[in-house]
Amino acid sequence: MSSFLLALLVCVLASTSLLSVSAKFNYTKCPAPWELQSDTVKQSFSLKKFEGLYYELALHDYTQFPVCPSPRCVQSYKVVDYHLNQINDTFNLVCFGVNTTVPFKFGLTNTTGFFLGIVLSLPYITFPDTVVEVQEHPSGGYYDWVIEFQCLEKDNHVLFTGINWYSRSRNVTQDYLDKLLDAARARGLGVYMDTGLKVHIVDQKNCTKSG
């Protein structure tokens, strides 16, 4: 086989693989964590590297938008509480000019990178939360960015999907943001990103340290 035909075959197989990844998710059933997560997350996800302050650069989540018509300065501060077996996530956003803090608790599970989240004001609703992809900082000490996905279903229908693109950097280039969005598509999330309200880019300009 010529090198050209071999290269063409590799491209065809790769494109087929990508199509199968994106096609297997739909609005009938929520994807399982193992279907969503990259090999990096499955094999080496670290709670220690996950902790700390993140800025939300983009979202697909109607509890943030359009519930808030223009959410700004959104950030998430994650701290692992090993005694309570949970992640305390202090979520901050500016809505209608008001800086609002929403405390979340994400219970740890036996599945790597998969948590059960609750909003303290709505403790009767559990949001299954999957870390889909991460990018480790060159130092190896923490993650530069992470992508999280939440999904709720009932009676063979997906009722809610949430995607959060979190970064340690507040102000980034378009190229940086595009790579984050592409990373989600590579995990098959395009079917959700392109539906309904699609992806909302968060305004992170002129923000204070706390919001």
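User: What makes β3 and β4 a hairpin, and which residue in the turn has a positive phi?

Analyst: Happy to start there, with the reminder that this is a predicted model. Two strands pair if DSSP finds at least two bridges between them. Here 10 bridges join β3 to β4 (residues 98-108), and the strands run antiparallel. Two residues sit between β3 and β4 in this hairpin, and F96 in the turn has a positive phi of about 55°. For a landmark along the ladder, T90 stands opposite P103 in β4.

User: How do you know that β4 and β5 pair, and in which sense?

Analyst: The cut-off is at least two bridges. Five bridges link β4 to β5 (residues 114-119), in the antiparallel sense, so they count as a pair. L108 has F115 in β5 as its bridge partner. This hairpin has five residues between the strands, and G113 takes a positive phi near 70°.

User: Why is the link of C30 and C151 called a disulfide?

Analyst: The call rests on a distance: the two sulfur atoms must lie within 2.5 Å. For C30 and C151 the S to S distance is 2.1 Å, so the pair qualifies. In chemical terms, a disulfide is a covalent bond between the sulfur atoms of two cysteines.

User: What makes the disulfide of C30 and C151 left-handed?

Analyst: The torsion about its S-S bond is about -80°, and that is why the disulfide of C30 and C151 is called left-handed. C30 is in the loop between α1 (3-23) and α2 (33-36), while C151 is in strand β7 (residues 143-153), so the link ties together parts that are 121 residues apart in sequence. Both cysteines, C30 and C151, are buried.

User: How do you know that C68 and C95 are joined, and what is the handedness of the link?

Analyst: Set against the 2.5 Å cut-off, the S to S distance of 2.2 Å makes C68 and C95 a disulfide. The link of C68 and C95 is right-handed, with 120° about the S-S bond. C68 belongs to the loop between β1 (52-60) and β2 (72-81) and C95 to strand β3 (residues 86-95), which puts them 27 residues apart. C68 and C95 are both buried.

User: What about C73 and C207: how do you know that they are joined, and which parts of the chain do they tie together?

Analyst: Their S to S distance is 2.0 Å, within the 2.5 Å limit, so C73 and C207 form a disulfide. The torsion about the S-S bond of C73 and C207 is about -85°, so this disulfide is left-handed. C73 lies in strand β2 and C207 in the segment after β9 (200-201), so the link spans parts 134 residues apart in sequence.

User: Why is C73 called buried?

Analyst: Buried means under 20% relative accessible area. C73 has 1%, so C73 is buried.

User: How many disulfides are there, and what pattern do they follow?

Analyst: The structure holds three. Counting the bonded cysteines along the chain, the pattern is 1-5, 2-4, 3-6.

User: Is Q37 buried or exposed, and how do you know?

Analyst: Q37 has a relative accessibility of 3%, and the limit for buried is under 20%, so Q37 counts as buried. Q37 is found in the loop between α2 and α3 (39-44).

User: What makes the approaches of the Q37 side chain to T112 and G113 polar contacts?

Analyst: A polar contact needs N or O atoms within 3.5 Å. The Q37 side chain reaches the backbone oxygen of T112 at 2.9 Å and that of G113 at 3.3 Å, so each approach falls inside the cut-off. Beyond neighbours within four places in sequence, the residues in contact with Q37 include F114, T130, V132 and R187.

User: Which residues touch the most other members of the largest nonpolar core?

Analyst: They are F45, F50, I87 and F115, in a core of 27 residues. The most is given to this core by β3, with four residues. I87 has contacts outside its sequence neighbourhood with residues including L47, F50, V80, F104 and F115. Another core, of 21 residues, lies apart from the largest core, and F25, V132, C151 and L177 are among its members. As a general point, in soluble globular proteins nonpolar side chains tend to be buried together.

Note on methods:
Residues are numbered from 1 along each chain as its sequence is written. This is a predicted model: local features need pLDDT of at least 70, side-chain atom pairs count only at pLDDT 80 or more; totals for chains, interfaces and linings use all residues. Side-chain values use heavy atoms; hydrogens and water are left out. Buried means under 20% relative accessible area, exposed over 50%, partly exposed in between (1.4 Å probe, protein chains only). A nonpolar core is a set of buried Ala, Val, Leu, Ile, Met, Phe, Trp, Tyr and Cys residues joined through side-chain atoms within 4.5 Å. Contact means heavy atoms within 4.5 Å. A polar contact is a pair of N or O atoms within 3.5 Å; within protein, one must be able to donate a hydrogen and the other to accept it, and residues adjacent in sequence count only if both atoms are side-chain atoms.
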